[in-house]
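User: Please take a close look at one part of this chain and work outwards from there. I am in my first year, so keep the sentences short and explain each term once.

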Amino acid sequence: MTVPLPKTLKPVFQRDGLNRLWTLKSDGGLKDTVTHIALGRGLYTPNSEMTGLQDEFMRVPVLDTYPVTPTQYAFYAEATYNGSAVNEPVGEIAFLLSDGT
């Protein structure tokens, strides 16, 4: 059965993770960093109280990150399974902080 996927993903930030990410340390740096990206098959309307993906099938480490603009960052990660590209529909994505949030 083929499930139609949305053409775009609309981000919804989990409240605890957003609080951790944007709380600045005294040196002006971010309190926490994004270390992993999780991919899932779930198709639903997310909310800020969620604590995880509904149907996670892969979690990969962030290999590199760099600022695109003062308010945007690009993340580089490689999603492979046994050396092959992953051929799965993605309906949900999570960016995870070092503490797992």
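Analyst: Start with G100, in the segment after β7. Names such as β7 stand for DSSP runs, numbered from the N terminus: helices are H or I with at least four residues, strands are E with at least two. This is a predicted model, where local features need pLDDT of at least 70 and side-chain atom pairs count only at pLDDT 80 or more, while totals for chains, interfaces and linings use all residues. Residues are numbered from 1 along each chain as its sequence is written, and side-chain values use heavy atoms, leaving out hydrogens and water.

G100 has a relative accessibility of 48%, which makes it partly exposed. The cut-offs are simple: buried is under 20% relative accessible area, exposed is over 50%, and partly exposed is in between (1.4 Å probe, protein chains only). Now look across from G100 to V34. These two are 66 residues apart along the chain, yet their C-alpha atoms are separated by 9.2 Å.

V34 leads us to β1, which covers residues 34–40. This strand is mostly covered, with 5 of its 7 residues buried. β1 has two partners. It pairs with β7 in the antiparallel sense, over 6 bridges. Pairing here requires at least two DSSP bridges between the strands. Within that pairing, A38 stands opposite A94 of β7. β1 is also antiparallel to β2, and 5 bridges join the two. There, I37 faces V60 of β2.

Stay with I37. Beyond its neighbours within four places in sequence, I37 is in contact with M58, R59, V60, V62, F75, A77, I93, A94 and F95. Contact means heavy atoms within 4.5 Å. I37 is also part of the largest nonpolar core, whose 7 residues are V34, I37, L39, M58, V60, V62 and L97. Such a core is a set of buried Ala, Val, Leu, Ile, Met, Phe, Trp, Tyr and Cys residues joined through side-chain atoms within 4.5 Å. β1 and β2 (56–61) each supply at least two of the core residues. The biggest share comes from β1, with 3 residues.

Two of the contacts of I37 are F75 and F95. The structure holds 1 aromatic pair. The ring centres of F75 and F95 are 5.4 Å apart and the planes meet at 40 degrees, so this pair is tilted. The rule for Phe, Tyr and Trp (its six-membered ring) is that centres lie within 6.5 Å; planes under 30 degrees apart are stacked, over 60 edge-to-face, and the rest tilted. F75 belongs to β4 (residues 72–76) and F95 to β7 (residues 92–97), so the pair ties together parts 20 residues apart in sequence. Both rings belong to partly exposed residues: F75 has 32% relative accessibility, and F95 has 45%.

F75 also has a strand partner. T65 stands opposite F75 in β4. Strand β3 (residues 64–69) runs antiparallel to β4, with 5 bridges between them. The two form a hairpin, with 2 residues in between.

Go back to the other end of β1 and follow the chain into the loop between β1 and β2. L43 is found in this loop. Its relative accessibility is 37%, so L43 counts as partly exposed. L43 lies 8.9 Å from D55, C-alpha to C-alpha, with their places 12 residues apart in sequence. T45 sits in the loop between β1 and β2 too. T45 is exposed, with a relative accessible area of 72%. The C-alpha atoms of T45 and V12 are 9.1 Å apart, although the two are 33 residues apart along the chain.

Now step back to the whole chain. It has 1 helix and 7 strands, in the order α-β-β-β-β-β-β-β from the N terminus. Of its 101 residues, 20% count as buried. Among contacts between residues at least 6 apart in sequence, 57% join residues at least 24 apart. The accessible surface is about 7,700 Å², and 53% of that belongs to carbon and sulfur atoms. Areas come from the Shrake-Rupley method with a 1.4 Å probe; for residues, only the protein chains shown count as cover.

Last, confidence. The chain averages a pLDDT of 76, and 76% of the residues score at least 70. This score is the predictor's confidence in each residue, from 0 to 100. Among the elements, helix α1 (residues 15–22) has the lowest mean, 70, and β2 the highest, 90.
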